[in-house]
Amino acid sequence: MEKPKVLILLAAYNGEAYIRRMIASVLDQSYGDFQLVLSDDCSTDATARILEEFAQKDPARVIHYRSGQRFGCAQKHFMHLLSHFHDAPYIMFCDQDDVWYADKIEKTLTMMSSMEVDAAVPALVHTDLRVVDGEGKQIAASFCAHSAIDGNRLHLNHLLVQNVVTGCTVMINRSLAELACRSVGSNAMQMHDWWLALLASCCGTAAFLDEVTMDYRQHDHNS
């Protein structure tokens with residue numbers, strides 16, 4: 001049986017300090033059927049050059065996408081990418097300064113496969129994270145525990161009050177991606193991960209994988 005393709009969207013800006021390690025952790029995944037889209041938001045450092053290096057080394061798996069636009073924030077950048085790359089069966093989102101564990105795609109996709117009874121129904125899976133500092137030293141073993149949030153609170157009435165979904169842990173299916181890309185007012189979306197969670201809860205299904213799948217780096221230059 002053919003494995004489903006997973007598309008990973010990475011939105012970068014002035015990320016030269018950590019982005020090599022981040023991309024390397026994606027390319028080292030145990031699940032190999034993926035493509036990684038790298039996009040830079042007009043960085044003033046070496047980020048764009050680093051992205052091109054990875055694309056040239058691994059053109060079968062890495063796409064260096066050049067929008068020619070300045071987005072100015074992660075939400076607009078990710079939603080632009082999603083609008084251009086939403087035809088894969090499954091899509092994940094990637095920040096520039098984190099580190100993915102080698103089984104992140106595999107575990108998340110397994111959870112998605114267990115809950116997605118119909119590909120036409122919008123679906124979302126998110127996971128927990130380990131919080132680390134700029135040097136990679138642990139701040140908290142669990143982001144959810146550290147932030148006093150319950151990742152299972154995915155009913156619409158809960159999500160309208162509080163977002164419990166962290167974008168860099170998310171996997172969505174094509175149905176949710178297409179729904180999310182429909183035109184909305186400029187002030188309708190606070191963050192892309194919250195928007196996706198609300199749509200999944202309201203129009204489909206969402207689930208929490210209560211496992212840490214990555215290191216979530218917190219440092220002085222986080223946006």
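This passage describes the salt bridges of a predicted model and the burial of one of its helices.

Across the whole structure, a search identifies eight salt bridges. Among them is the pair formed by Glu53 and Arg20, whose closest N and O atoms lie 3.0 Å apart. This contact links distant parts of the chain, since Glu53 belongs to helix α2 (residues 47-57) and Arg20 to helix α1 (residues 19-27), with 33 residues separating the two in sequence. Both partners fall in the partly exposed class, Glu53 because its relative accessible area is 23% and Arg20 because its relative accessibility is 37%.

A further salt bridge joins Arg70 to Asp41, with the closest N and O atoms 2.5 Å apart. Here too distant parts of the chain are linked, although the partners are found in loops: Arg70 is in the loop between β3 (62-65) and α3 (74-84), while Asp41 is in the loop between β2 (34-40) and α2, 29 residues away. The two side chains are classed differently with respect to solvent accessibility, for Arg70 is partly exposed at a relative accessible area of 46%, whereas Asp41, at 3%, is buried.

Glu52 and Arg66 form another of these pairs, their closest N and O atoms being 2.4 Å apart. In this case a residue of helix α2, Glu52, is connected with Arg66 in the loop between β3 and α3, so that distant parts of the chain, 14 residues apart, are again linked. Arg66 counts as exposed, its relative accessibility being 55%, and Glu52, with a relative accessibility of 23%, counts as partly exposed. Beyond the individual pairs, Arg20, Arg49 and Glu53 are joined into one network through salt bridges that share partners.

Turning to helix α8 (residues 192-203), the geometry of the model can be compared with expectation. At 1.5 Å a residue, its twelve residues should span 16 Å, a value obtained by counting one less than the number of residues. The C-alpha atoms at the two ends of α8 are 16 Å apart, and the expected and computed spans therefore agree. The helix is mostly covered, with nine of its twelve residues buried. The buried set comprises His192, Asp193, Trp195, Leu196, Ala197, Leu198, Leu199, Ala200 and Ser201, where burial denotes a relative accessible area under 20%.

Note on methods. Residues numbered from 1 in each chain as written. Predicted model: local features only at pLDDT ≥ 70, side-chain atom pairs only at ≥ 80, totals over all residues. Heavy atoms only, no water. Salt bridge = Lys/Arg side-chain N within 4 Å of Asp/Glu carboxyl O. Helix = DSSP H or I, 4+ residues; strand = E, 2+ residues; numbered from the N terminus. Buried < 20%, exposed > 50% of the residue type's maximum accessible area, 1.4 Å probe, protein only.
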